[in-house]
Amino acid sequence: MSSSADKSPTRVAPVASLALERIVRSPASLVENLPIGVYTCDRDGLIVQFNRRAVDLWGRTPVLADERFRFDAAFALQEPSRTPIAFDRSPMAQVLADGQSVRDREMILLRESGEALTVLVNVDPLLDEQGSLVGAVSCFQDIGELTQMKSQMREGRRIGRRVMEALPVAVYTTDADGKLTYFNQAAAALWGFAPPLGEQQWCGSWQIALPDGTPLPHDQCPMAVAIQERRAVVGPEAVAVRPDGTRVPFMPYPTPIFGSDGEFIGAVNMLVDLTEQKRAGAQQRGLIDELNHRVKNTLATIQSLAAQTMRGSTNPGDKTFEGRLMALSRVHDQLTRNAWEWADFATIVHDTFAPLRGSANSAVQVSGPSQRLKPQSALAIAMVLHELTSNAQKYGALSTPAGSVALDWRVDGTRLIVEWREQGGPAVTMPHKRGFGTRLIERSIAHELGGRPLLEFTPSGVHCMMEIPLPG
Amino acid sequence: MTEADAGKHLLDGLSVLVVEDEAIISFLLEDMLGELGAADIRHAGTVAAALICIDERQPDLAMLDVNLGGERVYPVAERLEAAGARFVFTTGYGKSGMDARWAGKVVVQKPFAADAMVAALRAALAQ
């Protein structure tokens, strides 16, 4: 090892190649091969040394110790904000003036061609053995790509924000503690105010309530649950109470956010305003209520017309007529409750026997599951059950305390199988004339619904089997 | 014996106001009330007419159709309640179509089952 190398803090291992040894032993050739621009100025700022990379960056080769390239060989220097920097104010000039290092100074280097490079500059003073300033060395590197990446990230964030802002749905984010970090315009509009970022916790609403009006503390809101339990939550529906007292029903969709290393960093929540949906639902209910009102008034009008027409007659038909009308009205009620989409067979059975009182009611045994029927099937079967019941009250098992009715039903694949069996009533004989009930059972079950009825007048009582096709 | 038969004298001597906008339906109500013994039966088809009837003479009992051709009967109910008079609502809507304020009141469904009507009037008179 040479004595000059001993003084240097740079450590050099013995090397086999002579060419490589020449390079590593000579500071000048080492500097020449660095991938960053390096140049040295003397005390007056005149360039006394530079490397190849510096020439690449400057876009020209300075003349050594030449007044025209004092402090720097760039064509011009600027701040990142594009404000010009005079050469005698450059980092190199500063270091030569005050002897203090300049670290990681970002600036723009302009070439003679007008091309601009973003560079990161580090300048260190050079001292002699007595500690007097003799010059300075500048290392500078092109950070354009890095800067571009940073600005792309900034732009990406800006676009993200703009996308969130443009969404017509309320969106906000929180940090891992649930403190608000962002909300969009739609969120502020839903809340009716702009909550303070970094302070408000869990949700930006002024107050939250459950749909029934019970206040919901912020730390129990769905977003708080999602953050505390680190899982996405959907709902439940809640109501945002605004500072002005107005209320907005909404459905929350809070979701935790995890960083690329899996660390929990916060959460995002989307609030879907349900006002319009509620209004449409109320409107539909209003229309169905109105339809029901019209139909019921029409049924009452028909009831009145029948009563006026039959007034004074001793015909017991008015009771029978009222019974049939009420049966029709009851199944109508059930269909109305279900938006005229379906009616439950078990409920139809219950409604059929509900008007029976005392012993007649306790003489009825029913058993079977809930089963949805289409409106047409529901209307037909309700009328048939009414006829069977009123017949049993007049002539059959329900006309005597000893009699009973068993009504069983089950679902077999795509058919509902209903069995009506009377027992213990007066001895039954085949009627001479086919009445309304018999005809209704045959016509509506067989022809209207495409089912298969079996009606028997056995000595022990009426027995009726009906198979009703169910919608697929 | 059915409820309707048991109610033969339920309204004996009582004055009843029927508020119903559809004439044919009001005939039925008047007949039914008459069969239950009501002596003095008056009829009104609108809220305004009903209020005039009440001003003239307060009825012992009233039957109020909820929807009078789009107009709600509630102002009449409020007047009767303030005066301590008894009344039942008649409606095709069912309870769900009624204002929550009157949820505790007796409601008779249209069309009218005689038994249900007697039960409702009995309940209203007991209130």
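Here is a quick tour of a few spots in chain A, plus an overall look at chain B. Keep in mind that this is a predicted model. We start with chain B as a whole, then zoom in on single residues and a hairpin in chain A.

**Chain B at a glance**
- Chain B is built from five helices and seven strands.
- If you walk along chain B from the N terminus, the elements come in the order α-β-α-β-α-β-β-β-α-β-β-α.
- Chain B has 127 residues, and 54% of them count as buried.
- Take the contacts in chain B with a separation of 6 or more: 63% of these link residues that sit 24 or more positions apart.
- The area that chain B exposes is about 5100 Å², with 54% of it supplied by carbon and sulfur atoms.

**A loop residue in chain A: A:Asp212**
- You'll find A:Asp212 in the loop that runs between strand 10 (207–209) and helix 8 (222–229) of chain A.
- A:Asp212 counts as exposed because its relative accessibility is 62%, and the cut-off for exposed is over 50%.
- The side chain of A:Asp212 makes a polar contact of 2.6 Å with the side chain of A:Thr214.
- A:Val239 is 27 residues away from A:Asp212 along the chain, yet their C-alpha atoms are separated by 9.1 Å.

**A surface patch and A:Leu167**
- A:Leu167 joins A:Ile159 and A:Val163 in a nonpolar patch on the surface, and together they have about 230 Å² of accessible area.
- As for its place in the chain, A:Leu167 belongs to the loop between helix 6 (144–166) and strand 8 (170–175) of chain A.
- With a relative accessible area of 33%, A:Leu167 is partly exposed.

**The hairpin of strands 8 and 9**
- In chain A, strand 8 pairs with strand 9 (residues 180–183) in the antiparallel sense, over three bridges.
- Across this pairing, A:Thr173 stands opposite A:Tyr182 of strand 9.
- Four residues lie between the two strands of the hairpin, and A:Gly178 takes a positive phi near 85° there.

**A helix residue: A:Thr336**
- A:Thr336 is part of helix 10 (residues 317–337) of chain A.
- Is A:Thr336 buried or exposed? A:Thr336 is buried, because its relative accessible area is 11%, and buried means under 20%.
- The side chains of A:Thr336 and A:Trp340 share a polar contact of 3.5 Å.
- Set aside the neighbours within four places in sequence, and A:Thr336 is in contact with A:Ile288 and A:Asn292.

Methods. Residues are numbered from 1 along each chain as its sequence is written. Chains are lettered from A and ligands numbered from 1 in the order in which they are written. This is a predicted model: local features need pLDDT of at least 70, side-chain atom pairs count only at pLDDT 80 or more; totals for chains, interfaces and linings use all residues. Side-chain values use heavy atoms; hydrogens and water are left out. Buried means under 20% relative accessible area, exposed over 50%, partly exposed in between (1.4 Å probe, protein chains only). A polar contact is a pair of N or O atoms within 3.5 Å; within protein, one must be able to donate a hydrogen and the other to accept it, and residues adjacent in sequence count only if both atoms are side-chain atoms. Contact means heavy atoms within 4.5 Å. Accessible areas come from the Shrake-Rupley method with a 1.4 Å probe; for residues, only the protein chains shown count as cover. Patches are made of residues with over 30% relative accessible area and no salt bridge: like charges are joined within 9 Å, nonpolar side chains (Val, Leu, Ile, Met, Phe, Trp, Tyr) within 5 Å. A salt bridge is a side-chain nitrogen of Lys or Arg within 4 Å of a carboxyl oxygen of Asp or Glu. Two strands pair if DSSP finds at least two bridges between them.
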